[in-house]
Amino acid sequence: MPITKRPLPLFMFCAGLLALLPGAGRAAELPFALTTVQLQTLPDEQVLDGVVEAVNQSTVSAQTAGRVEAILVDVNDFVAQGTAIVRIRNIEQRAGLEQAQANLREAQARQIEAQSEHKRIQGIFERQLVSKAQMDGATAALDAAQARLDAAQASVAQARESLGYTTIVAPYSGMVLERHVDLGESVQPGTPLMTGFSLDELRVVANVPQRLIVPVRQHKQARVLLPNNGPSINATKLTFFPYADPKSNVFKVRLYLPPKTGGLYPGMFVKTAFQVGTTQRLTLPRAALAQRGEVSAVYAVKDGAVSLRQVRPGRAEGETVEILAGLEAGERVALDPVQAGIYLKNQQQRTTAEK
């Protein structure tokens, strides 16, 4: 029986031609992983200047009169919350407390005496042996004794509070910024003693121009760019001042940072980035970026061929970096620049040897 040759299907024929083309199938044989340049929607930001300040910064003042007896901390010292920082001579306040306590003991004795007398008169009154006027007098004496006892207790509390004012403690944990008194100096209520601030909670104050305040209010997203190209910090909250400076026509905005943000101190100058819209940008995994001195590049793969291509990176966010120039959407690059560089060098050496 004769054998009839049937023509190959079209898709098999095309696959055979592709297999014969130069470079076909090289991408699948590359010894490193590839990633694709993607077009993503990213925030459009406006970078403005800002100044770091402490959320908790205050001046501790004296609440009682006296002479400074001890200064326990000084400028640049770290103080834990509740730690004593200044002591005022307390002889007068302690004497006042002792006098108030003596008056309290007297009032307690008078109240016990009035209570016993009231109980005795009440028993006689129930047997109708004394007049109602005597009963009313005993009741009034008891009420007066109770009132004197309450006043004595209040006086003791006040004297104890005044004695406590002679030891000034830190209202929160932080650094001492300035000392306003010296040892032996007399102070009065309201006299500034020390100024300090806490590094646990920081914020950045920025001036937003009038032309940008509307989109900034709409998006309410901002971040702080750390010095020396450090990672950015997203603001946890924005506070907008409801008025503009009449001289400069700028709005003051506060950017609150996460608690215990390191690397920043009050008074530092930083850059802030406010979102004013969205834009389409090319993105790439940061691991695919090769840094050669000040030049940024990637190993691009096209038709199976590997080439080193210079790019201009932009904003980096997490493990993703923005590409401003040098690539197009859909292009493939090596995810491991080191392996791609070794592969390209071996290919070049092999080509040179064949020549």
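**Cores, sheets and empty space in a predicted model**

Thr283 has a relative accessibility of 4% and therefore counts as buried (buried is under 20% relative accessible area, exposed over 50%, partly exposed in between, with a 1.4 Å probe and protein chains only). The structure is a predicted model, in which local features need pLDDT of at least 70 and side-chain atom pairs count only at pLDDT 80 or more, while totals for chains, interfaces and linings use all residues. Residues are numbered from 1 along each chain as its sequence is written, and side-chain values use heavy atoms, with hydrogens and water left out.

Thr283 sits in strand 16 (helices, H or I with at least four residues, and strands, E with at least two, are DSSP runs numbered from the N terminus). Its side chain makes a polar contact with the side chain of Gln40, at 3.5 Å. Such a contact is a pair of N or O atoms within 3.5 Å; within protein, one must be able to donate a hydrogen and the other to accept it, and residues adjacent in sequence count only if both atoms are side-chain atoms. Leaving out residues up to four places away in sequence, Thr283 touches Val37, Gln38, Gln40, Leu42, Thr320, Val321 and Glu322 (contact means heavy atoms within 4.5 Å).

Strand 16 (269-285) also turns up in the largest nonpolar core, as one of the elements that supply at least two residues each. A nonpolar core here is a set of buried Ala, Val, Leu, Ile, Met, Phe, Trp, Tyr and Cys residues joined through side-chain atoms within 4.5 Å. This one has 26 residues, and Val204, Val208, Val253, Leu255, Leu257, Leu264 and Phe274 touch the most other members. Besides strand 16, at least two residues each come from strand 2 (38-54), strand 11 (202-209), helix 5 (213-219), strand 12 (222-225), strand 14 (237-244) and strand 15 (250-256). Strand 11 provides the largest share, four residues. As for Val204, its contacts beyond four places in sequence include Gly50, Val51, Val52, Val224, Val253, Leu255 and Val270. There is also a second, separate core, with 15 residues, among them Val79, Val86, Ala170 and Val181.

Strand 12 pairs with strand 16 in the antiparallel sense over four bridges (two strands pair if DSSP finds at least two bridges between them). Within that pairing, Ala222 has Phe274 as its bridge partner. Strand 12 is also antiparallel to strand 13 (residues 233-234), over two bridges, and here Val224 stands opposite Ile233.

Arg223 belongs to strand 12 and is buried, at a relative accessible area of 7%. The C-alpha atoms of Arg223 and Phe274 are 6.7 Å apart, although 51 residues separate the two in sequence. The side chains of Arg223 and Ser232 make a polar contact at 3.0 Å. Contacts of Arg223 beyond four places in sequence also include Glu45, Leu255, Lys271, Arg315 and Glu317.

Arg223 shows up again in the largest pocket, which holds about 590 Å³ of space. Of its 25 lining residues, Arg223, Leu225, Ser232, Arg315 and Ala316 are the closest to the centre. Strand 2, strand 12, strand 16 and strand 19 (305-317) each supply at least two residues of that lining. On a 1 Å grid over the protein atoms alone, a pocket is an open set of points with protein on both sides within 12 Å along at least five of seven lines, a cavity is a set where a 1.4 Å probe fits but cannot get out, and lining residues have an atom within 4 Å of a point. Grid points are joined across faces, edges and corners, and a volume is the space filled by probe spheres set on the points.

Only one cavity of 30 Å³ or more is found in the whole structure. The largest cavity has a volume of about 160 Å³. Its lining has 15 residues, and Ala170, Pro171, Tyr172, Met175 and Gly196 lie nearest the centre. Strand 10 (192-197) is one of the strands with at least two lining residues, along with strand 3 and strand 8, and gives the most, with four.

Those strands meet again in an open sheet of four, with the order 3-10-8-5 and antiparallel pairing. Strand 3 (57-61) and strand 5 (78-79) are the edges, each pairing on one side only. Strand 5 is joined to strand 8 (residues 174-179) by two bridges, and Val79 stands opposite Gly174.
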